[in-house]
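Here are a few short exercises on charged side chains, each with a worked solution. Have a look at the model, try each task, then read on.

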Amino acid sequence: MKHYSYLAWMQDNTLKVGYALDPFFRVKRGLTSSSNCFLCFRIEHANKQEAKEQETWLKKFLKPFRIENAHCKEWFHSNQKGIKKAIITALKYSAIEWAAGIGNKHSTTWENASLEEMKKIIKKLE
């Protein structure tokens, strides 16, 4: 069964890192439900353990950008200097899919993104 690790950008300049069977459901309707998610990257994994390991690695890699005193350690500042470069570095060897406007949709389709496309998408966040 496929599982995914994901990064979800929110309108309030936060970024959530997690894993799920269905990142759309997790971000839109699940435990972290939010209507303000405007961009989500997901990385497919063969099983839950791989997805959890990727999530843990991403959280460690992005630790300098973590929101202190947050309820959980999955939330990061999405606009701090250096985070975009860190995300690109962390994901440069991953097969990325992305979706936009998740918070305003009933369902979504995921688009493949090469490293160059991912860089362009992240650059537009400035």
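**Exercise 1.** In this predicted model, find the partner with which K119 forms a salt bridge, and work out how the two sit relative to each other in helix α4.

Solution. Start at K119 and look for a carboxyl oxygen within 4 Å. E116 fits, with the closest N and O atoms 3.4 Å apart. Next, place both in the fold: they are three residues apart in helix α4 (residues 115–123), so about one helical turn separates them. Finally, check accessibility: K119 comes out at 32% and E116 at 48%, and each counts as partly exposed. While you're at it, K16, E55, K59 and E74 are joined into one network by salt bridges that share partners.

**Exercise 2.** Which residue does the side chain of K2 meet in a salt bridge, and at what N to O distance?

Solution. The partner is E44, at 3.8 Å. K2 belongs to the segment before β1 (3–10) and E44 to strand β3 (residues 37–45), so this pair ties together parts 42 residues apart in sequence. K2 has a relative accessible area of 48%, making it partly exposed; E44, at 41%, is partly exposed too.

**Exercise 3.** Take the salt bridge between E97 and R42. Are E97 and R42 buried or exposed?

Solution. First, the contact: 2.7 Å from N to O. E97 sits in strand β5 (residues 96–100) and R42 in strand β3, 55 residues apart, so to speak distant parts of the chain being linked. Now apply the cut-off, since buried means under 20% relative accessible area. E97 is at 15%, hence buried, and R42 is buried at 11%.

Conventions. Residues are numbered from 1 along each chain as its sequence is written. This is a predicted model: local features need pLDDT of at least 70, side-chain atom pairs count only at pLDDT 80 or more; totals for chains, interfaces and linings use all residues. Side-chain values use heavy atoms; hydrogens and water are left out. Helices (H or I, at least four residues) and strands (E, at least two) are DSSP runs, numbered from the N terminus. Buried means under 20% relative accessible area, exposed over 50%, partly exposed in between (1.4 Å probe, protein chains only).
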